[in-house]
Amino acid sequence: MRITGRTRLAGIMGWPVAHSRSPALHNFWLDEQGIDGAYLPLPVRPEQLEQALRALPVLGFRGCNLTIPHKQMALSIVDRVEPLARRIGAINTVIVAADGSLEGRNTDVFGFRESLRESAPDWDPVAGSAVVLGAGGAARAVVAALIEAGVGEIRLVNRTQARAERVAEDLEARPSRMSIHPWSARNAALENAGLLVNTTSLGMTGEPELAIDLARLPRQAVVADIVYVPLETALLAAARQRGHHAVDGLGMLLHQGRPGFEAWFGAPARVTRELRAAVVTTLAAPR
Ligand SMILES: NC(=O)c1ccc[n+]([C@@H]2O[C@H](COP(=O)([O-])OP(=O)(O)OC[C@H]3O[C@@H](n4cnc5c(N)ncnc54)[C@H](OP(=O)(O)O)[C@@H]3O)[C@@H](O)[C@H]2O)c1
């Protein structure tokens, strides 16, 4: 990379931010296409988020991504928020408009949808229910993507029932489409399902394992885990062993970066085998 007087800038704000794989992702695309641009990790304390976001146009940045803990707070700072992101209650992408105003988007919905489309092209949204484990920030994006895909029934399973109820209230388009299930009923919720998605942090390195029995899940069901450290979670390994089509969390991570990159750098961003390999090497590296 060569920094010139005209280098286009973007980055990711988080606290901490060193764990983020987004610099590896965006700088791969910049290098691949020979674009005069740079994507930087930006450690920003929560109490300075507004100052940092307002500094983007001042410093000539095209925009940024947001990671923990900024995704919700940023929504109330930017000048415009796309309606879907407002319903989800979080933004992960900011685009600086020509007049210096800030537009907030949530590209996790796009990321999950595209990952599923790429990795499980034969999955039929209306063929069976979708079971979503978890009701946190990522679950909201996954549920929004499933509603958008036209899934007939979504079974939301979460440890804290009130949180799942809020997801249903905020996102549900049609009242009969979503049902809430207690965590203890997760095995039974798999009956007749066509898709299982883990959006909890269980199974992630450093977190407890996800304890679930897949016995009632029909063999043709697709199993997706959005956890990507490790890439092959115990859930995905168990699913593959039973013959399910398994979708890992890296696809969502890679695809969610595309809309931001295209807006900031004005070039298409493709998810390729080479990109995947480059980002996978960062998953093994200590953070
Ligand atoms: N692939 C991607 O691009 C991508 C994107 C975003 C996030 N992620 C991953 O998705 C995971 C969740 O992220 P998030 O932002 O949604 O986190 P979050 O908002 O903190 O939500 C965590 C979820 O996990 C549940 N949970 C945590 N510990 C549990 C336990 N011991 N038993 C049962 N449920 C438990 C929580 O249940 P309660 O509501 O009961 O607390 C909640 O539903 C993380 O691993 C993250 O890395 C991946």
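**Entry 1: helix α9**

I started at α9, where Arg258, Pro259, Gly260, Phe261, Trp264 and Phe265 are buried. That makes six of the eight residues in this helix, which spans 258-265, so I noted α9 as mostly covered. I should say at once that I am working from a predicted model. Right after α9 I found glycine 266, with a positive phi near 65°.

**Entry 2: the nonpolar cores**

Next I looked up the largest nonpolar core, which has 33 residues. Which of its members touch the most others? I got Phe112, Val143 and Leu146. At least two residues each come from α4 (108-119), β7 (129-133), α5 (137-149), β8 (154-158), α6 (161-171), β10 (193-198) and β11 (222-225). The biggest share is from α5, which gives eight residues.

I also noted a second core, separate from that one, with 22 residues. Phe261, Trp264, Val271 and Leu275 are among its members. Two of these names were already in my notes, since Phe261 and Trp264 are buried residues of α9.

Back in the largest core, I listed the contacts of phenylalanine 112, skipping neighbours within four places in sequence. The list reads Val142, Ala145, Leu146, Val197, Ala224, Ile226 and Met252.

**Entry 3: the six-stranded sheet**

I then traced an open sheet of six strands and wrote down its order as β2-β1-β3-β5-β6-β4, with mixed pairing. Which strands sit at the edges? They are β2 (37-43) and β4 (80-81), each pairing on one side only.

I zoomed in on β4 and found that this strand pairs with β6 (residues 102-105) in the parallel sense, over two bridges. For arginine 80, the bridge partner in β6 is glutamate 103.

Two helices on this sheet also went into the notebook. Helix α1 (residues 22-33) lies across β1 (8-14), β2 and β3 (61-66), and runs at about 170° to β2. Helix α2 (residues 49-58) packs on the sheet as well, touching β1, β3, β5 (93-96) and β6. The direction of α2 makes about 150° with that of β3.

**Entry 4: asparagine 92**

I picked asparagine 92, which is in the loop between α3 (83-88) and β5. Is asparagine 92 buried or exposed? Its relative accessible area is 3%, so I put asparagine 92 down as buried, the cut-off being under 20%.

Beyond neighbours within four places in sequence, I found asparagine 92 in contact with Cys64, Asn65, Leu66, Lys71, Arg105, Asn106, Thr107, Asp108 and Gln256. For a longer reach I checked alanine 277, which is 185 residues from asparagine 92 in sequence and 24 Å away in space, C-alpha to C-alpha.

**Entry 5: backbone oddities**

I went through the backbone angles with a general point in mind: most residues other than glycine have a negative phi, and most peptide bonds are trans.

Where are the cis bonds I noted? One joins tryptophan 15 and proline 16, with omega about 0°, and proline 16 sits in the loop between β1 and α1. Another runs from valine 229 to proline 230, with omega near 5°. I placed proline 230 in the loop between β11 and α7 (234-241).

Asparagine 192 has a positive phi, near 60°, though this residue is not glycine. I found asparagine 192 in the loop between β9 (178-182) and β10, and at 56% relative accessibility this residue counts as exposed.

**Entry 6: around the ligand**

I counted 21 residues surrounding the ligand, the closest being Ala138, Asn158, Arg159, Thr160 and Arg163. Then I looked up polar atom pairs. A polar side-chain atom of threonine 160 is 2.5 Å from a ligand oxygen atom. Alanine 135 offers a polar backbone atom 2.9 Å from an oxygen atom of the ligand. On isoleucine 226, a polar backbone atom lies 2.9 Å from a nitrogen atom of the ligand. I had met Ile226 before, as a contact of phenylalanine 112.

**Entry 7: glutamate 153**

My last stop was glutamate 153, in the loop between α5 and β8. At 26% relative accessibility, glutamate 153 counts as partly exposed. Its side chain makes a polar contact of 3.4 Å with the side chain of arginine 155. Leaving out neighbours within four places in sequence, I listed Ser129, Ala130, Arg177 and Ser179 as contacts of glutamate 153. Leucine 283 is 130 residues from glutamate 153 along the chain, and their C-alpha atoms are separated by 34 Å.

Conventions. Residues numbered from 1 in each chain as written. Predicted model: local features only at pLDDT ≥ 70, side-chain atom pairs only at ≥ 80, totals over all residues. Heavy atoms only, no water. Core = buried A, V, L, I, M, F, W, Y, C linked by side-chain atoms within 4.5 Å. Buried < 20%, exposed > 50% of the residue type's maximum accessible area, 1.4 Å probe, protein only. Helix = DSSP H or I, 4+ residues; strand = E, 2+ residues; numbered from the N terminus. Contact = heavy atoms within 4.5 Å. Pairing = 2+ DSSP bridges. Axes fitted to C-alpha atoms, helices over the stretch in contact; angles between N-to-C directions. Near = heavy atom within 4 Å. Polar contact = N/O pair within 3.5 Å; in protein donor to acceptor, adjacent residues only side chain to side chain.
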